[in-house]
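The following exercises are to be worked with the sequence and the coordinates at hand. Each task is followed by a solution in steps.

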Amino acid sequence: MPKGTALPPPEENAVATTPDIPVDTMKSMVKTLSSDEFEGRAPSTATEPKVLDYIVSQFEAAGLRPGNDGKWLQAVPTVEITANNASPLTVTGGKGTPLSYEFGTDYVATSYRAVPKTAVRDSELVFVGYGINAPELGWNDYAGIDMKGKTAVILVNDPDYAGETEQGLFKGRRMTYYGRWTYKFEEAARQGATAALIVHDTFPAAYGWSVVNSSWTGAQYYVQTPNDGADQTAANGWVQKPVAEAILKAAGQDLAALSAAAKQKGFKPVPLGVKASFGFDNAIRKSVSHNVVGILPGATRPGEYVLHTAHWDHLGRCTPDATGDDICNGAVDNATGIAALAAIAKANVEAGPTARSQVFLAVTLEESGLLGSEFYAASPIYPLDHTVGGVNMDALLPGGRARSYSMTGGDKSELTAIFRDTLAAEGLGEAPEEHPERGYYYRSDHFSFAKRGVPMFDVARSTDLVEGGKEAGEAASQAYTDKRYHAPSDEYSDTWNWEGIVEDVELYYTLGRALAESDRWPNWHAGDEFRAIRDRSCAAEGGC
């Protein structure tokens, strides 16, 4: 089959044989990685070398080879930027101005630029709707305006977010990449804006202002760049919806009316005729963390690669619980994923080499914004135009086996055909993704590759359990979220039920091995936000 050719009908997709998962090895790894000895696996701390040495030892024991030109590690240079001494956000030039809004209470902002001071002075505000430039959809919220020196005022989510179904240009209720705040800030920078402010609204954001405030008022982590982020906006931030309403009113505009207009194709940006000023000092700390990279070379097409990814980092020492325990051990999140990486590697070694090479990445700094996977994807050891696709594993929850699985992100690519054939072979059903409006596909390490065109599996065990049904599954999921997620209580227990985790790993193994044995190059569906970049990658000489 020629390179770049679409997948054949689903029934023709090969499905790998389910392996025997080394459960005892996984138990031992999770118990060790989440022990107090590893102090919560915070990156760039004195504990990191101990974590890396342990992961390397397990990769070696599984039969992997060093994956970075004979070395196990890939250095990930990062920068930590903390805004201090923030001034109020002031708005001048309109009716009833000046207006003044307090940092934290009314607005938050930070900078991607590693500079001592950030100052936005008398920057004209422009309402740019949802801040989307999607040529494949014929949509450009920046059409006809030069954003140099200006600050973009942007709505959260995307134009279809209020839909009850997934019908619509932007997939209705299901959030697309264009709805993520990361995209909006990146696009504002591409447009040459000085700053970008997203209007917070709880329902389309899927979280309240308290989450925004806590997330954006402390240290922010980024991958170091040669220009220290000079190509990014000077400042990115959020404003409370009532603040945005007041600012637009001062500009003689109505936020509700402009928001309604922004949902329609052909919307044009609206200069508001008012100017914003704000600023803050930046405390800067540069450091280096590491990804662990292993490889199983392919037998017949070793220059084509399939990825298996999971993040090794967690929060380190955190807010103490009632007992005084201040170690966020990260047993589920994500010692389970690292154990799954080693287990899948071992199972593949025992099954024999696949046609394509399989790369195993234990990435760092996921909790700080997917930085380890972002660095690898931006500086890949194995070219992305030779990378077929992959599987990401994050937070495998103890519990019983499920009746079905869902494809996070929905039916975005030709990987869905392999997924459905695999489910059928395993006697599993397909479930709809829970809460598609929350954009989970864009919030874990596979996304760093997806946005560069590489299709990645992110699948989720449903809450419909074989024993106990949805009531038991939903209760277990909610209990983890409420009591253990990002808390000291996310600890290993000998009482864990491993059946569901084993089911997960069997599925991940089968999906990855099917890609590694195939000669097909799955693409994103026509109209998907990542299709164009995959097409360009495949069209390049030697690509796909």
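**Exercise 1: surroundings of V363**

V363 lies in strand β17, strands being DSSP runs of E with at least two residues and helices runs of H or I with at least four, numbered from the N terminus. The model is predicted, so that local features need pLDDT of at least 70 and side-chain atom pairs count only at pLDDT 80 or more, while totals for chains, interfaces and linings use all residues. Residues are numbered from 1 along each chain as its sequence is written, and side-chain values use heavy atoms, with hydrogens and water left out.

Task: determine whether V363 is buried or exposed, and list the residues with which V363 is in contact.

Solution. Step 1: the relative accessible area of V363 is 0%. Buried means under 20%, exposed over 50%, and partly exposed in between, with a 1.4 Å probe and protein chains only. V363 is therefore buried.

Step 2: contact means heavy atoms within 4.5 Å. Neighbours within four places in sequence being left aside, V363 contacts N291, A310, H311, W312, D313, G372, S373 and D445.

Step 3: V363 and D313 are 50 residues apart along the chain, and their C-alpha atoms are separated by 7.6 Å.

**Exercise 2: helix α2**

Task: compare the span of α2 with the expected value, and identify its buried residues.

Solution. Step 1: α2 has 15 residues and reaches 21 Å from its first C-alpha to its last. The expected span is 1.5 Å times one less than the number of residues; the span of α2 is close to the 21 Å expected.

Step 2: the buried residues are E48, V51, L52, Y54, I55, V56, Q58, F59 and A62. They pack against α1 (23-33), β2 (73-84), β13 (270-296), α8 and β17 (356-363).

Step 3: Q58 has a relative accessible area of 18% and is therefore buried. Residues up to four places away in sequence not being counted, Q58 touches T25 and M29.

**Exercise 3: packing of α2 and α8**

Task: state how α2 (residues 48-62) and α8 (residues 331-351) pack.

Solution. Step 1: the angle is about 20 degrees, and the axes are 8 Å apart. Axes are lines fitted to C-alpha atoms, for helices over the stretch in contact, and angles run from 0 to 180 degrees between N-to-C directions.

Step 2: angles under 35 degrees count as roughly parallel, over 145 as roughly antiparallel, 65 to 115 as roughly perpendicular and the rest as oblique. α2 and α8 are therefore roughly parallel to each other.

Step 3: α2 contributes I55, F59 and A62 to the contact, and α8 contributes I338, L341, A342, A345, K346 and V349.
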